[in-house]
Amino acid sequence: MAWLIIWPIINAIGRTIWRPDADGNAGFNLSSYTFFFSDQYSINNLTITLWTTGMCAALLLAICMPIALYLRFSQGRLPAYVQALAIFPMFVPSIILAYAFIRVLGPNGMVDILLNWVGLPKIRTPYLTPWGPVIGLVWDNIPLTVLILLSGLGNIANPAIEAARDVGASRFQVFWHIILPRISNSVLVAISFAVLGIFSSFTLPYLLGPASPEMMGPFMNRTFREVNDPLNAITQAVITFCFCIAFGLFYVRSVARNQGK
Amino acid sequence: MSDLAPARAPIDWTGIAFAALLSLVVVVPLVVVGTWAFTEAWRYPNVIPQQFGLRFWNQTLTRPDVWAALTLSLQLSTVVTLLSAAICLPAAYAFARMNFPGRTFLFFSFLAGHAFPKFGLLIAIAAIFLQLNLIGTFWGVVLIQLVGTLLFMIWIPVAAFQGVDRRMEEAARDVGAGPFRVFWSVTLPQAGPTIAAALLLSFVGTFYETEGAWLIGAPGIRTMPVLMISFINNQMVIQFGAVLSVMLWVPSFIALMFARRVIGGGAFARGFGG
């Protein structure tokens, strides 16, 4: 069963680097990679993917870290409500989310209706621009990021924070010197997961994003299905693996560490 | 007693701000979709629909493509969940309880699906399916959707089996119960609810799986999400998509709420290495 994952990857790498050249002689051949990196359209797609992934990772940290900190250090009904809301997007399939965003942020959507209602001009809709997938992907990834950060924050002992407060440390100093060093691993895991999920995401970029340049997910899909060019589609897949390998290795290491506990 | 404390507690402004902001961002899009599903006419710039009604429910439910997609999606999810359980549950038990050569390697190869960008992995699998003539077939979609269930169906049951009190099993064995009897009467009742949650997550996750179904199945194998994509891209009647969203999502949402205990716990985040 595990071969359903490992074999296709080995196969994909093998098929893209060891294949027939123009004369039909099989051998080491990197021409599909050369094509990718010399084709401006492919480069643009890779650039927009890197931009979207980076932007989403930064936004996710900026949004989820305060939520996780609040949840870790508060008790009662209100934090429980906040936690339920933060985890809620996990229960919403991305296809329904995409549809909901089009109805809210799309042309003449709910945001436009409300802006018009209060006498403000329409916004330039993020739908079908690079910001469309960013908004959808951030929404979609909030639950896991909050949960992973919260899991890391759970390992911080209250006395450590109280001791720092006692000697006059401000909230920021406590966060920077006490909390952050202890949850750096969880932050990296959260970022790894977000990057691995977002880099080759398909549904939200396909439905909310621009047609050109497109993210690697829709690009691979189009190359495979519509252009009917499996070789270049696999090449694109291997390139996405290479860009994400550090995050993948980090994920495996973290799971391994948790297994050892 | 409990009435005294809140009266003196300061107002939790941070909490109120988070609650208000998240309510707005998380709940409003779904409320808008829900409203569209029960709307017959809603023209810009009216803040509320001009006419509510169930006409589009009737129209959506009489469409043969909706019924065909629903039946197919239910068949696929059932087959994938059963296959995944048949493969993963014994493996999870072995990972949780036994020490055998290559255990670590095998365990990580099961989890490896999440260490790669998913769509890239699907493309790599699709390239092999192309050679095996599995593109556009029911079993092709089953196999590709199996990949997505592996993490839940391995990690959560492993945690469940590890959480079973070993002393109770030993006590049962001491009074003469055989291994099967111990598993059936002691291990399974304790691990059962968590495993049921994993099955539920797997079923609902497969039902909504879009990427593999679209890449391998479309256009021949048309699951509900694939139909939704075509409704979003090509359908002028907004309500069809809204009705489908409400119709499909609400039952799954209620089912998932039963699995919330597993997700809310720390074990779930630890499964991702958190």
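Trainee: In which element of chain A does L147(A) lie?

Mentor: L147(A) belongs to helix α7 of chain A, residues 131-153. Please keep in mind that this is a predicted model.

Trainee: Why is L147(A) called buried?

Mentor: The relative accessible area of L147(A) is 5%. A residue counts as buried under 20%, so L147(A) at 5% is buried.

Trainee: How many Å separate the C-alpha atoms of L147(A) and G168(A)?

Mentor: The separation is 30 Å, and the two residues are 21 apart along the chain.

Trainee: What is the wider setting in chain A, in helices and strands?

Mentor: Chain A has 12 helices and two strands. From the N terminus, the order is one helix, then the two strands, then the run of helices that completes the chain. Its C-alpha atoms fill a box of roughly 75 × 55 × 35 Å along the principal axes. Of the 261 residues of chain A, 55% count as buried. Among contacts in chain A between residues at least 6 apart in sequence, 68% join residues at least 24 apart.

Trainee: Let us turn to the two chains together. Why are α5(A) and α2(B) called roughly perpendicular?

Mentor: The axes of helix α5 of chain A (residues 94-105) and helix α2 of chain B (residues 13-37) cross at roughly 90°. Angles of 65 to 115 degrees count as roughly perpendicular, and α5(A) and α2(B) are therefore described in that way. Their axes also come within 8 Å.

Trainee: Which residues meet where α5(A) and α2(B) are in contact?

Mentor: From α5(A), the residues are Y99(A), A100(A), R103(A) and V104(A), and they meet P29(B), V32(B), V33(B) and W36(B) of α2(B). By class, this contact has seven nonpolar residues, no polar residues and one charged residue.

Trainee: What makes R103(A) a charged residue in this contact?

Mentor: R103(A) is one of the residues of α5(A) in the contact. Arg belongs to the charged class, so R103(A) is counted as charged.

Trainee: How many disulfides are there over all chains?

Mentor: The count is zero.

Trainee: Why does C56(A) form no disulfide?

Mentor: The closest cysteine sulfur to that of C56(A) is in C64(A), at 11 Å. The cut-off for a disulfide is 2.5 Å, so the sulfur in C64(A) is too far for a bond. C56(A) itself is buried, with a relative accessible area of 0%.

Trainee: What can be said of C242(A) and its closest cysteine sulfur?

Mentor: That sulfur is in C244(A), 9.4 Å away, again too far for a bond. C242(A) has a relative accessibility of 51%. Exposed means over 50%, so C242(A) counts as exposed.

Trainee: What makes the phi of N108(A) noteworthy?

Mentor: Phi of N108(A) is positive, about 60°, although the residue is not a glycine. N108(A) is found in the loop between α5 and α6 (110-117) of chain A.

Trainee: Why is N108(A) called partly exposed, while N228(A) is called exposed?

Mentor: N108(A) has a relative accessible area of 37%. Partly exposed is the range between buried, under 20%, and exposed, over 50%, so N108(A) is partly exposed. N228(A), with a relative accessible area of 57%, is over that 50% limit and so is exposed. N228(A) is in the loop between α11 (216-226) and α12 (230-260) of chain A. Its phi is also positive, near 55°, and N228(A) is a residue other than glycine.

Trainee: Which residues of chain B does a cis peptide bond join, with omega about 10°?

Mentor: This cis bond joins Y44(B) and P45(B). P45(B) is in the loop between β1 (39-41) and β2 (51-52) of chain B. Another cis peptide bond, with omega about 0°, joins A218(B) and P219(B). P219(B) is placed in the loop between α10 (211-217) and α11 (224-234) of chain B.

Trainee: What makes the approach of D165(B) to R167(B) a polar contact?

Mentor: At the start of helix α8 of chain B (residues 166-174), a side-chain oxygen of D165(B) reaches to within 3.1 Å of the backbone nitrogen of R167(B). The cut-off for a polar contact is 3.5 Å, so this pair falls inside it. After α8(B) comes G176(B), with a positive phi near 100°.

Trainee: Finally, why is Q145(B) called buried?

Mentor: Q145(B) has a relative accessible area of 3%, and under 20% counts as buried. The residue is in helix α7 of chain B (residues 138-163). Leaving aside residues up to four places away in sequence, Q145(B) touches L76(B), V80(B), T206(B), E209(B) and A213(B).

Conventions. Residues numbered from 1 in each chain as written. Chains lettered and ligands numbered in written order. Predicted model: local features only at pLDDT ≥ 70, side-chain atom pairs only at ≥ 80, totals over all residues. Heavy atoms only, no water. Axes fitted to C-alpha atoms, helices over the stretch in contact; angles between N-to-C directions. Helix = DSSP H or I, 4+ residues; strand = E, 2+ residues; numbered from the N terminus. Parallel < 35°, antiparallel > 145°, perpendicular 65-115°, else oblique. Contact = heavy atoms within 4.5 Å. Buried < 20%, exposed > 50% of the residue type's maximum accessible area, 1.4 Å probe, protein only. Polar contact = N/O pair within 3.5 Å; in protein donor to acceptor, adjacent residues only side chain to side chain.
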